[in-house]
Structures are given as structure tokens and as C-alpha cells.
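Please open the structure in a viewer and keep the selection panel at hand. The tour proceeds from one selection to the next.

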Amino acid sequence: MLNVWCGYNEPIFCDIFFRKKRMMTKETNVIKSFINIVQSDLTSYESSINPYKNRIQIQGERFEVFIKNSFANTFQISDVSKVEQIYSEFFIHQGSANHPPDLIIRNGDSIEMKKNESKLSSNIALNSSWPRTKLYSYDEKLTKKVSNLIPKGGIDNLYAVGTYNKKNILNQLLYFYGDCFYKNTNFYRDKYSQIQKKLSEFDLNKKSSKELGGISNFDEIDRSSLRIRGMFQAKNPMIIDTIKNLLPSSQNFQMILIMRESKYQTINNLDKTELENLNSQYIIIKNIDLIDPDNSKKHLDVKIIIYTR
């Protein structure tokens, strides 16, 4: 364990120093979330955390609470009002029905949360939300309130994908940034708009819709209508051999974080040092090459962090 000098007559242990430092700031990031989950030492990585244990019944909501608790470090707080107060300090947006994202960190990233059926093989259902590397204020899928929260130039988009076993217990958490696997957000947005435009050229009784399209009077006696929905799916990053071959076998819980090295370097040094000094028996930190989704002839320098218990 690393010792650090803090101006006192003797060094103190690194973990105590970092814990105190983190308590003094209301900033958070995905590295802090990773550390908080590792240090929570939960006997079961089930998402029914204390203050919501009886209130949250739907798996998706339980997963969202788990993610919020990991970023806000509220796993051990049982007072619901206190938890909600802390959430408001860390997050400027906590989701709205049918509109991305699920979470926006104050002065930080946007987060989209997804549930998956299989660790390796299942596609990730993005539903009507196209793949995003960044969240931009002009994104048509956003509410006006959320659009007003997004700075010029956008914010990085992080995916949190939870896989549950047959006992309804979270046994894998995958964090990855969209820019490691997807083209620029506008590529998908523009393609979607092109398809909408083509559909609108058909001579049909068009129905006003935020979906790809719709037909109100599908038959001449107006007994039926048609909704044309755009449902996106993304391949699971875990099927990529470079990633899959790094994963130890795990019967209990596994957490993987994938981000560009350049993004990792923007994390403050205290958090990076704390991560790198966690128990190495359970953690792998490596750099790998992945194909650049915006230019297949180039490669990205990517950081992958794996925790297995």
C-alpha cells in the first residue's frame, strides 16, 4: 500500500487519505463509481439497496438506484431523504420517461443504463435511442429541460449495462464510453433523419409522430393505423476477442470499465491513484487497441479495468 505525506509528523495510509479527500468534494466520475462498488464489499451485488429495498420492485429501477448509489457513494445510508439530497448534489438530471439520458452528472458525463440477458452473446437493446458518443443539446430525443442543461460541444456519453442471473441478482456490470465502439453521434442521427424523410415521401395518410413514421388511416374506412418505430440494437462489446480474452472466469460478480486512454487522463490524479492502489488480486488494469469506429484503418488506445470476485 502506498504511503503519502500530508504535512503532518508522520505518513498516513493512502486509503484513509483518499477517503477523506473524496468526502470533501461533491464531484464524481466513473472511476469513483468503480471504487465505491469495490469498497462497498456487498455480500450480494443485488441492486435492492437499503433505502429502496421495499419500494423498488422493477428490475430496471433497481439497477438505476444501484448505479446512482455507486456514483454518489450512498450504499450505506438508510435515510431516504438524505440519499435524495445527496443525489441532487451529484446529479443535475435523474431521468425522464421515454427520453434519454437516465442520468447526468454535475459537471460530468451523461449515462444511459441498459439491462441485458447474457454476459457475452446478447445484443444491447437501445430501443428508440440511437448510439451516442456524446450528448448534444440539439438532440431531438431530449426534453427541452435536458437540452438546456447540455453545454455547447456536448458531454461524453457513458453506457452502464447490467446483466442479471436467474436469481435476479446483478452478476456483471459493464461500463463503456460510446466513443470506444460507435461512430460520432451525428452519423446515427443523420441516418435516422434520412429514413424519416424517405418515409414521408410516400403518398399515405401520414400521422404526426416522433417515431420514424406513422399512417393514420391505413385502410379506407379508418379502422387501423400503423406505427413505424426505429428500434436500435448494439452488439455487446464483450464479444470482441481482445476484450473477451482478458476476462477471468467469475461465478459471482464481474465489473468491466472501458474508456479511451485520453478520457482516463482527464480523471483527477487522486481518483486514478486510489484505483491503481486497490487490491491487485481482484483487479486488472490494461491498455488495449480497438478499431477506431470513425476510421477503420486506425486504432484507439483504450483503457480496460476489470474487477472480478
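Two strands are said to pair if DSSP finds at least two bridges between them. The model on the screen is predicted, and the tour begins with its strands.

**Strands 9, 13 and 15**

Select strand 9 (170-177) together with strand 13 (residues 254-260). These two strands pair in the parallel sense, over 5 bridges. To see one of the partners, display Leu-173 and look across to Met-255 in strand 13.

Next, add strand 15 (residues 295-308) to the selection. Strand 15 pairs with strand 13 in the antiparallel sense, over 7 bridges. Here Leu-257 is found opposite Ile-305 of strand 15.

Is strand 13 enclosed by the rest of the structure, or is it left open to the outside, and why? Of its 7 residues, 6 are buried, so strand 13 is largely enclosed by the rest of the structure.

**The nonpolar cores**

Now display Ile-31, Leu-173, Tyr-175 and Ile-258: these residues have the most contacts inside the largest nonpolar core, which has 65 residues. Centre the view on Tyr-175. Apart from neighbours within four places in sequence, Tyr-175 is in contact with residues including Val-30, Ile-67, Phe-71, Leu-158 and Ile-258. A second core, separate from the largest one, has 6 residues, among them Ile-104, Leu-135, Leu-142 and Val-146.

**The salt bridges**

How many salt bridges does a search of the whole structure find? The search finds 11.

Select Asp-271 and Lys-32, which form a salt bridge with their closest N and O atoms 4.0 Å apart. Asp-271 belongs to helix 9 (residues 269-276) and Lys-32 to helix 2 (residues 30-40), so this pair ties together parts that are 239 residues apart in sequence. Both Asp-271 and Lys-32 are buried.

Move next to Asp-139 and Arg-132, another salt bridge, in which the closest N and O atoms are 2.7 Å apart. Asp-139 and Arg-132 are likewise buried.

Then return to strand 13 and select Arg-260 with Asp-179; their side chains meet in a salt bridge at 3.5 Å, N to O. Asp-179 lies in the loop between strand 9 and helix 6 (185-200), whereas Arg-260 is in strand 13, so the pair ties together parts that are 81 residues apart in sequence.

For the last selection, display Asp-109, Lys-134, Asp-156 and Lys-263. Salt bridges with shared partners join these four residues into one network.

Notes
Residues numbered from 1 in each chain as written. Predicted model: local features only at pLDDT ≥ 70, side-chain atom pairs only at ≥ 80, totals over all residues. Heavy atoms only, no water. Core = buried A, V, L, I, M, F, W, Y, C linked by side-chain atoms within 4.5 Å. Buried < 20%, exposed > 50% of the residue type's maximum accessible area, 1.4 Å probe, protein only. Contact = heavy atoms within 4.5 Å. Helix = DSSP H or I, 4+ residues; strand = E, 2+ residues; numbered from the N terminus.
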